[in-house]
Structures are given as structure tokens and as C-alpha cells.
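Hi,

Here is the structure I said I would pass on. Have a look, and my notes follow underneath.

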Amino acid sequence: KVVAVVEEPAQVAQVVEVVSRDKEERKEEERNEEEEEGPVRARAEGDLAVRSSTATQPALSYLDVFLEAMSDQWTEKNAQGYIILLIAENKLTTGMVVKRLRQVKNVPDSVLGYTSFRGDPLFRAAIAKYVQQTFASDAGAIDPECLAVSAGCGAVIDNVCFAVCDRGSEVLIPAPYYPAFDNDLRVRSGVEPVPVFSSSGSAGLPTNEDLDKAFSSCSNPRVLLLTNPHNPLGTVLNAQQVHRCIKWALMRGLHVISDEIYANSVHAPEGSREVFRSAMAMAPDLAEKLGEELVAQRLHTIFGFSKDFCASGLRVGCIHTKNRRLLMAMDNVGYFCGVSGHTAHLMTQALEDASFVRRFLQKNQRNLRSSYNVLESKLKAAGIPFLPASAGMFCWIDMRKFLRESTWEEEKRLWTGLAKDAKVLFTPGRDCHASEPGYFRICFAWVPERALALAIDRVARYLQKNADA
């Protein structure tokens with residue numbers, strides 16, 4: 001828009017010329033856009049935008065069979081139902097959480113109003129105290145102003161990627177990894193996950209050389225995403241290896257997301273050498289070596305209550321970061337995925353009860369270990385190799401010797417047979433980006449111990465029947 005006060009004809013002509021030129025430039029821009037995209041923009045089915053195509057695809061390859069199984073689950077009264085061992089959810093200690101939340105009687109009127117979209121301040125203060133008292137006790141003081149709370153860790157990761165990545169940027173992830181990362185990264189932020197395989201063939205993290213190779217294959221790498229404790233391996237990652245990988249990433253200008261959603265679900269036997277250490281506790285040493293500002297800007301830790309508190313339905317995920325610009329972005333995008341005031345109040349009351357938190361975590365860890373022990377015993381009896389687990393709710397099993405040939409199609413055939421004949425569902429290794437066919441993930445905390453034992457008995461019978469065929 002041009003606004004001018006003119007008196008002379010020459011001045012009028014000059015203004016008209018400017019306005020006309022501006023209009024022509026805008027028309028030229030519009031013509032260029034039409035040439036690039038066509039006069040009629042492409043649309044997806046249902047008259048949706050093309051970008052919706054990713055969202056309308058199944059998030060996981062086995063979704064159809066899973067939905068069928070959900071309608072015919074095993075119970076004491078339905079002994080022939082499906083036993084589902086692919087849901088990463090902990091039902092073992094839910095009763096204790098429900099009992100504590102029901103003790104919260106006086107819910108204030110304030111829960112009905114708006115609060116900070118970074119998360120209610122009282123809630124963030126309770127979370128900071130909880131973190132200091134549990135899985136990051138060696139990290140020093142946790143500033144509540146460095147925390148942001150959203151509706152689950154998936155939303156947190158999506159928001160971080162939105163803020164630090166451009167569409168098409170790459171996120172390096174040591175493989176195997178959580179199968180839903182592929183969907184979570186692509187569906188809204190348009191970020192591309194890049195599996196990084198370990199050349200050593202072990203269950204440990206990739207070497208610096210492995211990371212360099214993956215890094216050099218990318219056009220715009222922005223993030224290294226680590227999960228510790230590990231999903232799907234069910235192990236605590238070696239702290240020195242984690243430190244090495246974080247340092248490698250920071251030195252190459254990458255952001256690091258340390259996904260610690262299972263930090264309080266370590267169930268290793270007492271005296272075990274596998275000791276979890278949070279990235280927050282590694283930050284001071286990294287800052288001394290690389291500079292405080294670099295580490296503050298690029299190291300982000302994610303955790304939550306879906307797994308460690310048996311409360312995936314409450315949708316509470318958190319990020320700890322000292323990057324002020326990222327926190328400012330969270331203030332804005334947090335509007336779209338905030339935790340309800342009622343949930344924040346209930347969880348604040350529970351977290352401020354230090355005695356409950358201590359007793360719950362101890363009980364939950366014992367329950368996890370008990371279920372895992374049942375699974376371990378049954379796997380040994382069935383002759384199915386596995387990676388010993390110590391954290392989370394996973395066991396990584398090796399069924400390569402039961403494949404007729406080492407192909408992904410053969411893995412799918414075995415998985416389908418187990419699902420349709422034995423009516424037992426595992427997570428396929430291919431979905432977890434396993435290095436080769438034949439590995440599967442078992443989630444052992446979603447069913448009671450009796451169903452867990454029965455599932456492996458069914459698998460053993462299926463494998464024997466096929467061996468005899």
C-alpha cells in the first residue's frame with residue numbers, strides 16, 4: 001500500500017508508477033508460483049492437502065493384525081484369545097497410582113483456567129524435585145524454569161524437531177530403535193530418521209566411525225536421538241558410551257535429544273554393573289570440555305510419566321533444556337499440546353508425596369523384575385536366545401535360527417504364523433530397524449505373569465510343530 005500527499009501532476013504520475021510496478025511484481029510472483037505448482041494445487045484423497053498423506057498411513061506395519069487382536073484378547077474367561085506382547089505400556093503397578101490419585105479430594109477452581117503453556121509452575125516445581133530425588137540425583141539442582149511439559153514425550157520430541165529442524169532435515173538414531181519414531185518424526189515436522197548401525201554387531205552404541213558414516217550420508221543432519229534406558233533392547237546403555245556419543249554430536253554442531261522415558265524403570269538386580277546415568281548429570285563435564293554455552297544450547301533431556309508411573313493415559317511428557325530460545329518456542333507451541341489443569345494438579349500432589357514416590361518406584365521396579373524373571377525362565381526352557389534385560393519393559397529375542405532363510409519376508413512369515421496360529425503378537429525386528437531379520441521385541445508389562453508364561457508356551461509349541469513339519 002502506498003500512501004502519499006501530492007499536489008503536482010508529476011508527483012501523481014510517480015506514485016501511480018510505483019503502485020503499478022508493485023502490482024506487476026506481485027502478479028509475476030503469482031505466475032511463477034502457478035508454474036511451479038500448477039494452476040490447481042494437487043490434493044490427496046478426501047480433498048485433503050498432500051501433506052496429510054503421511055498422517056493417513058498406518059503408523060506401524062502390523063496395525064491391522066493388532067486391531068483384530070485387540071477385539072479378542074486373552075483373559076481368564078477367554079483362554080484362546082490373543083496374547084499381545086507389543087504394547088509398550090506398564091500395567092503391573094497401576095493400582096498403586098490410582099489409589100494415590102483418588103486421595104486428592106480438594107481440586108481447586110484454578111484447574112479450570114489457563115496457566116503457562118510451558119506447564120503449570122507448581123507442577124514444574126514438583127517435577128524438578130522428583131527428578132532430583134530419583135533418576136538424576138547426581139545432576140545438581142534442576143531449575144523448574146528449564147522444564148517444559150506437554151501431552152506426552154511424543155509431543156515433546158515433535159515440538160523440539162519443529163523448533164530445531166527444517167523440513168527434510170535428518171535425525172540420526174542408533175539402531176535398533178523404538179518403531180514409532182519413524183512416524184513421530186515424519187508425520188508433522190517432516191523430519192527424516194536415519195538409522196545408525198553398529199559395525200561391531202553388538203548391542204552397544206555405534207562407534208564414532210559409524211556415526212561419521214551416517215553423518216556424511218545426510219544432506220542436513222540436525223539431531224542425534226538417544227534412548228536410554230533402551231527401547232527395544234531393554235538395557236541400560238553404558239554411561240561412557242553415551243557420553244562419547246553426545247560429545248561426538250555436539251562437536252559436529254548437532255542437537256542431542258536424550259530420551260530417558262524409562263529412567264525410573266531400571267529393574268536390574270541389586271549390585272548389577274548396569275547403572276543408569278542421565279544426560280543431565282553428564283552436562284557439567286561436557287561443558288568443561290566443550291564450553292558451557294554449546295552444551296546449554298544443544299543438549300536436551302526428555303522424560304515423562306507414561307512408562308515410569310504406569311500412566312500413559314494421563315499424557316505427561318517433559319523436557320529439560322537450558323536453551324532459552326527453545327523454551328520460548330515451547331511457550332508458543334505448548335498451546336497445542338498442553339497437559340490439562342486437572343491432571344497437573346493430581347500429579348503435583350502425587351509427586352510432592354516423597355514417601356509415595358519412593359514406595360511406588362520400588363514396588364514397580366520389583367514388579368517389572370518379577371515379570372521379566374518369568375519371561376526369562378520360559379525363554380530359556382523354549383530354547384529361544386535373548387538379550388538379558390535390566391530396564392524398561394522389553395526383552396530383545398533372537399529367533400534367527402527359526403527362519404528358513406535370512407530375509408525380511410521370512411521374518412514376516414514367522415511373525416504372521418505366531419500371530420495367526422499361536423495368537424501371540426511380538427514387535428517385528430524390521431519395524432525396529434534391526435540389523436538383520438529374525439529379531440523381535442517382547443513387551444512384558446502389559447499382561448499378567450500367567451499370560452506371559454502361556455504366551456511363550458504357545459510360541460514353543462508353534463516352533464516345534466513347524467520344525468516337525
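**Two helices meeting**

Ala350, Leu351 and Glu352 in H12 meet Ala354, Phe356 and Val357 in H13, where contact means heavy atoms within 4.5 Å. Helices (H or I, at least four residues) and strands (E, at least two) are DSSP runs, numbered from the N terminus. By class, this contact of H12 with H13 has five nonpolar, no polar and one charged residues. For the classes, Ala, Val, Leu, Ile, Met, Phe, Trp, Tyr, Cys and Pro count as nonpolar, Asp, Glu, Lys and Arg as charged, and the others, Gly among them, as polar.

Before going on, the ground rules. This is a predicted model, with local features needing pLDDT of at least 70 and side-chain atom pairs counting only at pLDDT 80 or more, while totals for chains, interfaces and linings use all residues. Residues are numbered from 1 along each chain as its sequence is written, and side-chain values use heavy atoms, with hydrogens and water left out.

Back to the helices: how do H12 and H13 cross? The axes of H12 (residues 341-352) and H13 (residues 354-382) come within 5 Å and cross at roughly 85°. Those axes are lines fitted to C-alpha atoms, for helices over the stretch in contact, and angles run from 0 to 180 degrees between N-to-C directions. H12 and H13 are therefore roughly perpendicular to each other (65 to 115 degrees counts as roughly perpendicular, under 35 as roughly parallel, over 145 as roughly antiparallel, and the rest as oblique).

**Pockets and a cavity**

First the definitions. On a 1 Å grid over the protein atoms alone, a cavity is a set of points where a 1.4 Å probe fits but cannot get out, and a pocket is an open set with protein on both sides within 12 Å along at least five of seven lines; lining residues have an atom within 4 Å of a point. Grid points are joined across faces, edges and corners, and a volume is the space filled by probe spheres set on the points.

The largest pocket has a volume of about 800 Å³. It is lined by 32 residues, and the closest to its centre are Tyr178, Ala180, Asp184, Lys307 and Arg315. Helices H2 (63-70), H5 (153-164) and H6 (181-186) are the elements that give two or more residues to this lining, and H5 has the largest share with five. The lining comprises 18 nonpolar, six polar and eight charged residues.

The second largest pocket comes to about 610 Å³. Of its 25 lining residues, Ala263, Asn264, Val266, His267 and Gln365 are the closest to the centre. H13 turns up again here, giving the largest share of the lining, six residues. By class there are ten nonpolar, ten polar and five charged residues in the lining.

How many cavities of 30 Å³ or more does a search of the whole structure find? It finds one, holding about 50 Å³ of space. Its lining is Ile173, Pro174, Pro176, Tyr177, Leu205, Leu225, Leu226, Thr227 and His230. Strands S5 (170-174) and S7 (221-227) each give two or more residues to that lining, with S7 giving the most, three. Seven of the lining residues are nonpolar, two are polar and none is charged.

**Backbone oddities**

Pro176, one of the cavity-lining residues, follows a cis peptide bond from Ala175, with omega near 0°. Pro176 lies in the loop between S5 and H6. A cis peptide bond also joins Asn228 and Pro229, with omega about -5°; Pro229 is in the loop between S7 and H8 (239-251). Cys310 has a positive phi of about 55° although it is not a glycine, and is found in the loop between S9 (299-304) and S10 (317-320).

**Links across the sequence**

The count of salt bridges (a side-chain nitrogen of Lys or Arg within 4 Å of a carboxyl oxygen of Asp or Glu) comes to 17. One of them pairs the side chains of Arg118 and Glu145, at 3.9 Å, N to O. Arg118 lies in the loop between H3 (94-102) and H4 (121-133) and Glu145 in the loop between H4 and S4 (147-150), so the pair ties together parts that are 27 residues apart in sequence.

Lys423 sits in the loop between H14 (408-422) and S13 (424-425). The C-alpha atoms of Lys423 and Tyr82 are separated by 4.7 Å, with their places 341 residues apart along the chain. Leaving aside neighbours within four places in sequence, Lys423 is in contact with Asp72, Gln80, Gly81, Tyr82, Ile83, Leu418 and Arg458.
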